[in-house]
Amino acid sequence: LLRRFCRARGLPLPHRADPGDHAKARALASALQAVGGRSRSPAALLVCTDFDTIDDATPVVKALQLVKAHGHRVAFVLPDGRSFADEWEGVAADLARIYGRVEARRLDEARRLLGGLGVRVVVAQRSDPPGLAAIRARAARRRAA
C-alpha cells in the first residue's frame with residue numbers, strides 16, 4: 001500500500017522483506033524519538049505511514065507522548081488503500097470489497113489511537129496532488145488552535 005502511494009507520487013521506495021516481530025512499530029517509535037524526542041524547541045512533525053501491521057502500538061504511543069511533552073505538534077498522513085486499488089470484476093471485486101472493509105477498519109483504529117493522543121490524522125487519496133496532505137495537516141492544526 002505504501003509502495004503504491006509513493007509510486008503514484010514519484011517517490012522511490014527500495015524493496016525489503018517484512019521484518020515482522022513488531023519491528024515496524026519499534027522503527028516508527030525510534031524515528032519519532034530521533035526527530036523530536038531530544039529537541040526542546042517546539043516543531044511540527046509530519047509522519048507519512050500506512051500504519052499497517054502495527055498490532056501493538058505501545059512503542060509508538062510512548063514515543064508520541066514524549067514528543068508531545070517536548071511541545072511538538074504531530075500530524076500523520078495515512079494513505080487510503082481503497083483509493084489506490086484497481087477496478088476488479090467477479091471474485092476479485094468481492095475480495096476488493098473485503099480488503100476495503102479491512103482498510104476502513106485500519107484507518108478508523110489509527111484515527112482513534114492517534115486522535116486520542118492529540119495527533120492530527122490526514123487521510124491521503126490517490127487523486128490528491130502531491131503535498132495536499134501536508135497542507136491539510138497544517139490547516140487542521142490552525143483550526144484546532
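Is V47 buried or exposed in this predicted model? Select V47 and find out: with a relative accessibility of 11%, V47 is buried (under 20% relative accessible area, against over 50% for exposed and partly exposed in between, using a 1.4 Å probe and protein chains only).

Before going on, some ground rules. Numbering starts from 1 along each chain as its sequence is written, and side-chain values use heavy atoms, with hydrogens and water left out. Since the model is predicted, local features need pLDDT of at least 70 and side-chain atom pairs count only at pLDDT 80 or more, while totals for chains, interfaces and linings use all residues.

**The whole chain**

Switch to a cartoon view. You should see 6 helices and 3 strands, in the order α-α-β-α-β-α-α-β-α from the N terminus. These are DSSP runs, numbered from the N terminus: H or I over at least four residues for a helix, E over at least two for a strand. The protein chain has 145 residues, and 34% of them are buried. Now a surface view: the accessible surface is about 8900 Å², with 53% of it from carbon and sulfur atoms (Shrake-Rupley method, 1.4 Å probe; for residues, only the protein chains shown count as cover).

Next, colour by pLDDT, the predictor's confidence in each residue from 0 to 100. The chain has a mean of 81, and 85% of its residues reach 70 or more. Helix α6 (residues 132-144) has the lowest confidence, at a mean of 60, and α3 the highest, at 93. Where pLDDT is low, don't read the predicted coordinates in detail.

**Back to V47**

V47 sits in strand β1. Show what surrounds it: beyond its neighbours within four places in sequence, V47 is in contact (heavy atoms within 4.5 Å) with L28, L32, V74, A75, F76 and V77. Pick the C-alpha atoms of V47 and V74 and you'll get 7.6 Å, although the two are 27 residues apart along the chain. For the chain as a whole, 78% of the contacts with a separation of 6 or more are between residues 24 or more positions apart.

**Along to T49**

Now select T49, in the loop between β1 (44-48) and α3 (58-69). T49 counts as buried because its relative accessibility is 8%. Residues up to four places away aside, T49 touches K24, L28, F76, V77, L78 and P79. Its side chain also makes a polar contact, reaching the backbone nitrogen of F51 at 3.2 Å (a pair of N or O atoms within 3.5 Å; within protein, one must be able to donate a hydrogen and the other to accept it, and residues adjacent in sequence count only if both atoms are side-chain atoms).

**Helix α3**

Select α3 and look down its axis. The buried residues here are V60, V61, A63, L64 and V67. They cover an arc of only 165 degrees around the axis, so they lie on the same side of α3 (the arc is that of the directions from the helix axis to the C-beta atoms). Among the elements covering them are α2 (23-37), β1, β2 (73-79) and α5 (91-116). Turn to the face away from the buried side for the exposed K62 and A69. Just after the helix, click G71, which has a positive phi of about 90 degrees.

**Last stop: D128**

Finish in the loop between β3 (120-124) and α6, where you'll find D128. D128 is buried, at 9% relative accessible area. A polar atom of its side chain lies 2.8 Å from the backbone nitrogen of Q125.
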